[in-house]
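Reader: I've got this two-chain model open and would like a walk through it. Could you take my questions one at a time?

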Amino acid sequence: MPEIAANSARNGFIDTRTLMQIRSLELRARIVVQGFWNGIHRSPYHGFSVEFSEYRQYVPGDDPRYVDWRVYARSDRYYIKKFEDETNLRCHLLVDQSRSMTFGSGDWTKADYAHTLAATLAYFLFQQGDAVGLLSFDESIRDYLPARNRPGHLRQLMLSLEKPAAGQTTSIAKPLQRIVELVNKRGLMVLISDLLAPVEELEAKLGRLTATGHDVVVLRVLDPREIDFDFEDALLFHDVESEKDLFIDPSAAKRNYLQRFAEHGDAARAVCSKLGADYLQVTTDEPLDQVLANYLRQRQRRGKTIQRHANA
Amino acid sequence: MSFLAPLFLLGGLAIAGPVLFHLIRRNTREKFTFSSLMFLRADPPKVTRKSRLEDILLLLVRCALLAVMALAFSRPFMRNTVTAGHDATIGQRIVLLIDTSASMQRAGIWEKTLTEARTALADVQPSDSFSILTFNGQTQPLLRFDQWRDLPEPSRLLAAREALNGLQPSWGSTHLGNAILTAAELLEENPHTGPQQIIVLTDRQEGAQLDGLQGHDWPGDLQLTLKTVAPTAVGNAGLQLAPGHATEDADSTGQRVRVTNSGDATREQFQLAWSQGDTAHTNTVPVYVPAGQSRTLTAPRRPAGPNWQLALLGDSETFDNTLHIAPLTPEPVRIHYLGRESAEDTEAMRFYLERAFSTTRLQHVEVLTHLPSALEGKLAHPDDRLLIIGEPIEAEHVDRVRQFAESGHSVLLPLKSDAMAGTLTALAKSGPVPLSEASVEKYALLSQVDFEHPLLAPFNEPRFSDFTKINFWKHRTLDPARLPGARVLARFDDGDPALLDLPLGSGHLFVLTSGWHPVDSQLALASKFVPLLYSMLELGQTGGRLKTAHFVGQPVTLPGESDTARTVTGPGPDAQISAGQNGFHADQPGLFTLQGSRPVTFAVNVPARESRTEPLAPERLDGLNLPFAPGSVEKAEIEQNREQTLIDEQLEKRQKIWRWLIVAAIMLVLLETWLGGWLWRKPTAAKSPGEVT
């Protein structure tokens, strides 16, 4: 722990390699959150705070308790003052467990990273007193833990995250469909996946999620090699999901790959943007706390906050 | 090194495969597990831009393997080459063989031949022995070794040149095989330590005969040089008698002739005409013969008059364009019949006999009937062939008849009655031969016919051998044991002899135990009657018949008696045939006449093979395994064509180099496997742990 803290102090962020050497997922999450916590305290941003949301004209049937009398005094009209839900954020972590997540060019895989990321988020939110749920999926739903905030739940969640990724293919559509059915209370949906699936199904299902009022965050976890396609020798590429083999000469195929990959990424980003979901691409060599800080900064810049419902 | 199947060497191009594979670096053992192939497309492997070959050693082994396989499949073999060069101080023995066949008369050949001969002569060293032979159908010495040796050294070359000066091509055929063998034998006759050489100057035409060369055991130091002398113009058409029609009469039906055109000919249109001398042509017909083909056609009618010859016009090489055809004269044949019957008596044998023989193109048969008592002074004419005794003869004539038979003629004795017993007994001279009338129930048929006998041999075919349609109403019975030496040629179905042959000297006495007149049998009306009589005529022929078609260089067997000297006249000087000889050799084509009491004309033509003037196929020479001198044109030419010959296959089978190559290939496969495995393991161990394989 002191070593990690030292690393953290040196780089400003926690060294990912060192972090990933820690076996316990919960410990990893704690370390990240601690560093992040410090960062928050130093930062001008206040994170998820209690915020005024909007005024709405009173209609008969509204609870008169929320009438803003000061506005009434000023304008002689009844207004209802709405607040963000400050007490119970219901966050669901949707973690991709498909086999494509087992790829990793370094010492850890995308799945390791995604689990750490999910664990960190869970830990962080749990610390804040928010309810955290987990839905891990591949081509179907593997684990589902409803969003709760009670002792032992975090532990259960960590155990569930520690299960190895064993799914065959990435199918986002089915889990998203299922989460819509399962979670009827609006909340935060954090989708952690490599999104190596057709964008079309992502758009359809993500649309339903946003349509039901969920705040959706897409964290796309990618390996640096997937982005750079940094290969020199011609290789027989084996698709971990489809089990297909393809002989590829990187010198010839790299351009096309990068183009297609970028197009896919752009399309995913465009879909998220269109549906009002946050999209953040993360590579597995990025420090986790930096990722979280970036994300928060991005949210802040967009002037968006996590919707809080007074009483979800 | 030569190859039996050189096309397989193209398999060596497969070497490009490994080179390319090593260049494109498609090394499938490096398997990389990737998250998703959804952004990758199967592109065709491309050659590395660096042009860097990987695993050079493995590549070399693979290339060597393919090369060895290709080499093995092409079935290589080594040709034993005789090393040239000899000690110049030891003289050579050189035989110069000069082709003087008719085809050497073609334009431009003879001058070149003489030039070549003089060149060969100029190369002769003082220590060499030299001999010149000329050959066509026969091989004749022009300058012998002993003549050369006996001459003083300065005059040797001069004598040889003089001998060459008088040389002219003949009209004979080309027997190259005999000539080379004769030359080789000449060299072998005089054992010699130095090298021996045979130089053949020939046009090497397709029609040359190569008999006798196959399998000859050539001495090791013998070298054969075949110098081909080419004519100034290729192509030649020839005119020959069509086989099987050589004796047909040109005056009546027209002569069947064949016009051949060589494969390298440029002309196809010719004319066939009768000519007299060089200018007069008549009865011209056009002939179209494509190159390499022949046409058999009927020659135009022969004009009246002597000295006409059939000529082929339009061919540049004229040596074989004239065909001499002897006009046919029917051979006179006399048959004697002893009997008293009237010529018009249809119940008698004479009536049928005289009608059996008609005058044909070949024979003019005359049937002479005499009374049995009037035999005196007869049977002395050279045309007499057959005597038929229809009546008992007097005892004083028996000896004359026997003498006639013993001189090679045929005598037929039909036993038309028991009264003939005495004549039979007298002629057989073997004691009494009892004769009795056989009891025939309805009719008797011939059976047990001896087709082996020359008399009945012409019937020895299923379609002619049916004698069962001839009914014999009556016949006589005799005991063949009473006739020692007699051979029963046919029997009646009751077992009695029907036809017997009693050889008398070089002739025959045929005994028919019945007659052919209607009272005795249907024989005269049967289709077998006339051929049977002609068969007897043939057996009674003493001198043999002269063929009318002969070739230059082939011996002509002259007909007739040979106890006196005879003269043959022809286009050249008259030839004298001494007594006891009946062979004649014509040295040029033309019409020849055997002078005598009855002159016989026969034609001698240029051998048909001489018209085949295309160059001899090298395969034919190659198959003979001739001891060609190394570096000679023929050797190179033959080696080009060797792949197709049996010799090469045998050579290849004997050497079996391909087996060693296969062994080498197996070794290379093992090496490649080991090397491949070693190289496989090597980089795998050094692979980074992050790369999934």
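Author: Sure, and one definition up front: two residues are in contact if their C-beta atoms, placed from the backbone, lie within 7 Å. This is a predicted model, where local features need pLDDT of at least 70, side-chain atom pairs count only at pLDDT 80 or more, and totals for chains, interfaces and linings use all residues. Residues are numbered from 1 along each chain as its sequence is written, while chains are lettered from A and ligands numbered from 1 in the order in which they are written.

Reader: How many residues of chain B are in contact with chain A?

Author: Go by the contact cut-off just given. On the chain A side, 31 residues take part. Their partners in chain B number 22.

Reader: Which element gives the largest share of the side of chain A that touches chain B?

Author: Helices (H or I, at least four residues) and strands (E, at least two) are DSSP runs, numbered from the N terminus. Those giving two or more residues to this side are β8 (235-239), β9 (245-248) and α10 (250-275) of chain A. The largest share, eight residues, belongs to α10(A).

Reader: How many residues on that side of chain A are charged?

Author: The sorting counts Ala, Val, Leu, Ile, Met, Phe, Trp, Tyr, Cys and Pro as nonpolar, Asp, Glu, Lys and Arg as charged, and the others, Gly among them, as polar. By that scheme 14 are nonpolar and eight are polar. The charged ones come to nine.

Reader: What is the bridge partner of Phe237(A) in β2(B)?

Author: Two strands pair if DSSP finds at least two bridges between them. Here β8(A) and strand β2 (residues 31-34) of chain B pair in the parallel sense, over four bridges. In β2(B), the partner of Phe237(A) is Phe32(B).

Reader: Where in chain A is the pLDDT below 50?

Author: pLDDT is the predictor's confidence in each residue, from 0 to 100. Chain A has a mean of 77, with 80% of its residues at 70 or more. One stretch below 50 has twelve contacts beyond near neighbours in sequence, and that is residues 39-50. Another has 24 such contacts, and that is residues 303-312.

Reader: Which helix gives the largest share of the largest nonpolar core?

Author: A residue is buried if 20 or more other C-beta atoms lie within 10 Å of its own, exposed if 12 or fewer, and partly exposed in between, with C-beta atoms placed from the backbone. A nonpolar core is a set of buried Ala, Val, Leu, Ile, Met, Phe, Trp, Tyr and Cys residues joined through C-beta atoms within 7 Å. The largest has 64 residues, and those with the most contacts inside it include Leu93(A), Ala118(A) and Ile192(A). Twelve of its residues, the largest share, come from helix α5 (residues 110-128) of chain A.

Reader: Which residues does Ala118(A) touch?

Author: Leave out residues up to four places away in sequence. What remains is Leu93(A), Val95(A), Leu161(A) and Ile192(A).

Reader: What share of chain B is buried?

Author: Chain B has 14 helices and 32 strands. Out of its 693 residues, the buried share is 38%.

Reader: Why are the buried residues of α9(B) on the same side?

Author: In helix α9 (residues 421-428) of chain B, the buried ones are Thr423(B), Leu424(B), Leu427(B) and Ala428(B). They are on the same side of α9(B) because of the arc they cover around the axis, only 120°. That arc is taken over the directions from the helix axis to the C-beta atoms.

Reader: Is Ala426(B) buried or partly exposed?

Author: Ala426(B) is also found in helix α9 of chain B. Leaving aside neighbours within four places in sequence, Ala426(B) is in contact with Ala395(B) and Val398(B). Because 18 other C-beta atoms lie within 10 Å, Ala426(B) is partly exposed.

Reader: Which residue stands opposite Arg491(B) in β24(B)?

Author: Strand β23 (residues 487-492) of chain B runs antiparallel to strand β21 (residues 446-447) of chain B, joined by two bridges, and there Ser447(B) has Arg491(B) as its partner. Four bridges join β23(B) to strand β24 (residues 497-504) of chain B, also antiparallel. Opposite Arg491(B) in β24(B) stands Pro497(B).
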